[in-house]
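This report describes the pockets of one protein model. The sequence and structure come first, followed by the pockets in turn.

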Amino acid sequence: MAARRTVVLNNRGGVGKSDVTVRLAAALAKRRRRVGVLDFDPQGNASRRCGWRYNESAPQLTVSEAVKADRVGAMAGVWTPVAWDVEYAQRMMLAPAWLELENRMSEAGVTGNHLRLAKALQGADDHLDDVLIDCPPSLFHLTQMALAAGHQALIVTEAEIDSILGAKRVRDFVNEKRHLLHNDELTLAGVVVNNLDPSGKALEREQLASIRRIFGDLVWEPVIHRRAALATADNQALPLELTKASGVGPARAAFELLAETYEKRSVTVA
């Protein structure tokens, strides 16, 4: 049985898509889920945060090579362990990305190329329960490949107007264009509000209310607050458990609760 594939995205950068992808994957692994983090952003932020480094002296296969191969199951040779020294990381795998993935953008005009990621994943994620796909901040070719391969889309946004507008563009794109991606079954799973100031600034409270008004019951709980521990863990490519910074406990608890929401609100994959 194929994994449940969740495409994590926004049409605006800087909202914390990579962070939510990696920390949600970790929280799911704690719940005994077998989780794959598939980095589909040429910046490779999710890969780095999982402890991966590209080695030019001994190059490793990445998602770019799997997509370029245009072959069923090509992603099977890309999965690599997450380089964290914690027990639950044994249930996490990474399909890494680096800048070479940008070269796949030039292939956007080739008929059927939006299906290459789906083709590469066919039979190559059966050993996993969930795959979280971290996308670039656009709705162009790479993101369209991810949406064509996914079962559901998960929008990440901040309580800030440009982020919210980007989230609305994703919602409309999924609802109106999924048939053009040959993925009529693609659903919009929800909206995660990330990086909220825990001090409760008035403007952010107003924008959070706007998010709830615009997206209704698609908004997942809990809201993820800005914590020094998350920034430190990202910078050091560490799991939260090994991070020494303020707010580790609340950050862990928030993502563990978010993992509960994920399991309750996600589509069932046959």
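## Terms and model

Helices here are DSSP runs of H or I with at least four residues, numbered from the N terminus. The model is a predicted one, and totals for linings use all residues.

## Largest pocket

The volume of the largest pocket is about 240 Å³. Its lining is made up of 17 residues, and those nearest the centre are Asp19, Asn195, Leu230, Ala231 and Asp234.

Two helices, H2 (45–49) and H8 (228–236), each contribute at least two residues to the lining of this pocket. H8 accounts for the largest share, with five residues. Sorted by class, the lining of the largest pocket holds seven charged, six polar and four nonpolar residues.

## Second largest pocket

The second largest pocket encloses about 160 Å³ of space. It is lined by 14 residues, and Gly14, Gly16, Lys17, Ser18 and Asn45 are the closest to its centre.

Helix H1 (17–30) and helix H2 are the elements that give two or more residues to this lining. The most come from H1, which supplies three. The lining of the second largest pocket divides into six polar, five charged and three nonpolar residues.

## Helix H2 in both linings

Which helices supply at least two residues each to the lining of the largest pocket? They are H2 and H8. H2 also appears, together with H1, among the elements giving two or more residues to the lining of the second largest pocket.

Notes: Residues numbered from 1 in each chain as written. Predicted model: local features only at pLDDT ≥ 70, side-chain atom pairs only at ≥ 80, totals over all residues. Heavy atoms only, no water. 1 Å grid on protein atoms, 1.4 Å probe; cavity = no way out; pocket = protein on both sides within 12 Å on 5 of 7 lines; lining within 4 Å. Points joined across faces, edges and corners; volume = space filled by probe spheres on them. Nonpolar A, V, L, I, M, F, W, Y, C, P; charged D, E, K, R; others polar.
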